[in-house]
Amino acid sequence: MTQVATDLVEILVCPETKQPVRLATAPELASVNEKIRAGTLRNRGGEAVKSELAEALIREDGRILYPVDDGIPVMLVEESVEL
């Protein structure tokens with residue numbers, strides 16, 4: 001598992017609101033991955049999220065999650081997930 005560099009997370013912001021983001025906690029990831037396994041999680045572009053997440057970034061207000069793919073944050077609004 002690749003991990004997002006902490007210094008990178010410190011400079012990233014939500015492309016929509018410009019709020020800072022933080023790494024998702026283990027319980028947050030477990031909750032999201034449970035929904036992915038159940039087939040009930042869709043991204044904001046309307047597509048089903050099919051792969052479990054090892055890492056993710058969560059917007060400061062806790063409402064939006066951005067997936068991290070092989071250590072690379074996917075900071076696209078349509079790929080984000082409402083929490």
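## A buried arginine in strand 2

At 6% relative accessibility, Arg59 counts as buried, because a residue is called buried when its relative accessible area is under 20%. In this model, which is predicted, Arg59 is found in strand 2. Not counting residues up to four places away in sequence, Arg59 touches Cys14, Glu16, Thr17, Gln19, Pro20, Val21 and Ile64.

Two of these partners lead on to another part of the structure: Cys14 and Ile64, both touched by Arg59, are included, together with Val9 and Tyr66, in a core of 10 residues that is separate from the largest one.

## The largest nonpolar core

Which residues make up the largest nonpolar core? This core has 11 residues, namely Ala24, Leu29, Val32, Ile36, Leu41, Val49, Leu53, Ala56, Ile58, Leu65 and Val81. Two elements give two or more residues to this core, helix 2 (26-38) and strand 2 (56-59), and helix 2 gives the most, with 3 residues.

Ala24, one of the residues of this core, is in contact with Leu29, Ala56, Leu57 and Ile58 when its neighbours within four places in sequence are left aside. Among these partners, Leu29, Ala56 and Ile58 are also listed in the core.

## A buried asparagine in helix 2

Asn33 lies in helix 2, the element that gives the most residues to the largest core. Is Asn33 buried or exposed? At 8% relative accessibility, Asn33 counts as buried, since that value falls under the 20% limit.

Leaving aside its neighbours within four places in sequence, Asn33 is in contact with Glu52 and Leu53. For Leu53, there is a further detail, in that its backbone nitrogen lies 2.7 Å from a polar atom of the side chain of Asn33. Leu53 also belongs to the largest nonpolar core.

## The largest pocket

The largest pocket has a volume of about 380 Å³. Of the 21 residues that line this pocket, the closest to its centre are Val49, Ser51, Leu53, Pro67 and Asp69; Val49 and Leu53 are listed in the largest nonpolar core as well.

Sorted by class, the lining of the largest pocket has 10 nonpolar, 4 polar and 7 charged residues. Which element provides the largest share of this lining? That share, 4 residues, comes from strand 3 (residues 64-69).

## Exposed residues in the loops

Most residues other than glycine have a negative phi. Lys18, although it is not a glycine, has a positive phi of about 70°. Lys18 lies in the loop between helix 1 (6-11) and strand 1 (21-23), and at 55% relative accessibility Lys18 counts as exposed, because exposed means over 50%. A positive phi is also found at Asp70, where the value is near 55° in a residue other than glycine. Asp70 is found in the loop between strand 3 and strand 4 (72-73), and at 60% relative accessibility Asp70 counts as exposed.

Lys50, which lies in the loop between helix 2 and strand 2, is exposed, with a relative accessible area of 74%. How far apart in space are Lys50 and Leu23, C-alpha to C-alpha? Lys50 and Leu23 are 20 Å apart in space by that reckoning, and 27 residues apart in sequence.

Note on methods:
Residues numbered from 1 in each chain as written. Predicted model: local features only at pLDDT ≥ 70, side-chain atom pairs only at ≥ 80, totals over all residues. Heavy atoms only, no water. 1 Å grid on protein atoms, 1.4 Å probe; cavity = no way out; pocket = protein on both sides within 12 Å on 5 of 7 lines; lining within 4 Å. Points joined across faces, edges and corners; volume = space filled by probe spheres on them. Nonpolar A, V, L, I, M, F, W, Y, C, P; charged D, E, K, R; others polar. Core = buried A, V, L, I, M, F, W, Y, C linked by side-chain atoms within 4.5 Å. Buried < 20%, exposed > 50% of the residue type's maximum accessible area, 1.4 Å probe, protein only. Contact = heavy atoms within 4.5 Å. Polar contact = N/O pair within 3.5 Å; in protein donor to acceptor, adjacent residues only side chain to side chain.
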